[in-house]
Amino acid sequence: MRLGVLDVGSNTVHLLVVDAHPGARPLPAHSHKAELRLAQLLDEDGAIGADGVDRLVAVVRDALQAAEDKGVEDLLPFATSAVREASNADDVLARVRAETGVELTVLSGAEEARLTFLAVRRWFGWSAGKLLVLDIGGGSLEIAYGIDEEPDTAVSLPLGAGRLTAARLPGDPPHADDVRALRRHVRTEIARTVGDFSRFGAPDHVVATSKTFRQLARIAGAARSAEGLYVHRELKRASLEAWVPRLGAMTSAERAELPGVSEGRAGQLLAGALVAEAAMDLLHVESLEICPWALREGVILRRLDHMGQG
């Protein structure tokens, strides 16, 4: 069957269409995305403003039309941290439902972490052993660890690249004092969770997902996306540590000139790099591998599992 996943994230609204059936690898058929940056559209009260809701409704309508055009049989719509944490989340969800007919399922941070972990486990298989999975989104950072398909422990922290950039890095390029303050904040938040993971022992394989990690790996020398999903892509902590001060000295326009960095994400790349560097340092990770599957694939795999049980 042809499945569609509609992911209302903190940076983008992304429709992924796949051809899938239980027991088989989902085959991507179509991708439709729009940059909305909901994490940066919150007002002082933490609400998504009227303009942001209007834009969200319009983008969901466009995605629905694309899903219809591509013959999607079953649509799985969900929202993550930007909607989850908005003070007017219920009103936003009601408006989307009333004007588009789409009932967005709001995933908790823990659910995000578990579904992303499932996707990574299926991608690498049982031979990967104990997995530590890191995922930096626009609104949150998810960390999960485990040896099965369900992680033994998982946390979600409000350390997304878009959220931190909007709240804590106002300059372009940012002031060095702001960068230092953000670095301290990020490390304090992550350090509180380190014990949740260290008690399980060292992982056998450390993996990262998300656009932020892919872009950081690319500027550090990893293969281009055009070279395909199955190329090994790695990010070493030493390379990342060398890049952080360089990114801090650049404007967004200069970062957008770097290989693999999109104009829309260039502004938040420094915040993402600070989070990635802190997580790798505090969790004693020297090197990690980039996984092409993440949350959307996890949602699809969970749906296929349920179909197979039926």
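A residue counts as buried when its relative accessible area is under 20%, and as exposed when that value is over 50%. Keep this in mind as we look at a strand in this predicted model.

**Strand β6 and its residues**

Let us start with β6, which covers residues 131–136. How many of its residues are buried? In β6, 6 of its 6 residues are buried, so the strand is mostly covered. The side chains point two ways: Leu131, Val133 and Asp135 face one way from β6, while Leu132, Leu134 and Ile136 face the other way. Both groups are buried.

**The sheet around β6**

Strands of a sheet pair through backbone hydrogen bonds, and the pairing can be parallel or antiparallel. Here, β6 belongs to an open sheet of 6 strands with mixed pairing, and the order is β8-β7-β6-β9-β11-β10. Which strands stand at the edges? They are β8 (153–157) and β10 (234–236); each has a single partner strand, so one side of each is left without a neighbour in the sheet. On average, neighbouring strands of this sheet are turned by 20° against each other, direction ignored.

Helix α12 (residues 269–282) packs on the sheet and touches β6, β7 (141–146), β10 and β11 (287–290). The direction of α12 makes about 160° with that of β6.

**The partners of β6**

With β9 (residues 205–209), β6 runs parallel, and 5 bridges join the two strands. With β7, the pairing is antiparallel and has 6 bridges. β6 and β7 also form a hairpin, with 4 residues between them.

You can find some of the facing residues in the structure with this table:

| Residue in β6 | Residue opposite | Partner strand |
|---|---|---|
| Leucine 131 | Histidine 205 | β9 |
| Valine 133 | Valine 207 | β9 |
| Isoleucine 136 | Leucine 141 | β7 |

**A look at lysine 211**

Now let us move to helix α8 (residues 211–219), where lysine 211 is found. Is lysine 211 buried, partly exposed or exposed? Its relative accessibility is 32%, so lysine 211 counts as partly exposed: the value lies between the 20% and 50% cut-offs.

Which residues does lysine 211 touch, not counting those up to four places away in sequence? They are Ser262 and Arg265. Lysine 211 and glycine 138 are 73 residues apart in sequence, and their C-alpha atoms are 9.5 Å apart in space.

Key: Residues are numbered from 1 along each chain as its sequence is written. This is a predicted model: local features need pLDDT of at least 70, side-chain atom pairs count only at pLDDT 80 or more; totals for chains, interfaces and linings use all residues. Side-chain values use heavy atoms; hydrogens and water are left out. Two strands pair if DSSP finds at least two bridges between them. Axes are lines fitted to C-alpha atoms, for helices over the stretch in contact, and angles run from 0 to 180 degrees between N-to-C directions. Contact means heavy atoms within 4.5 Å. Buried means under 20% relative accessible area, exposed over 50%, partly exposed in between (1.4 Å probe, protein chains only).
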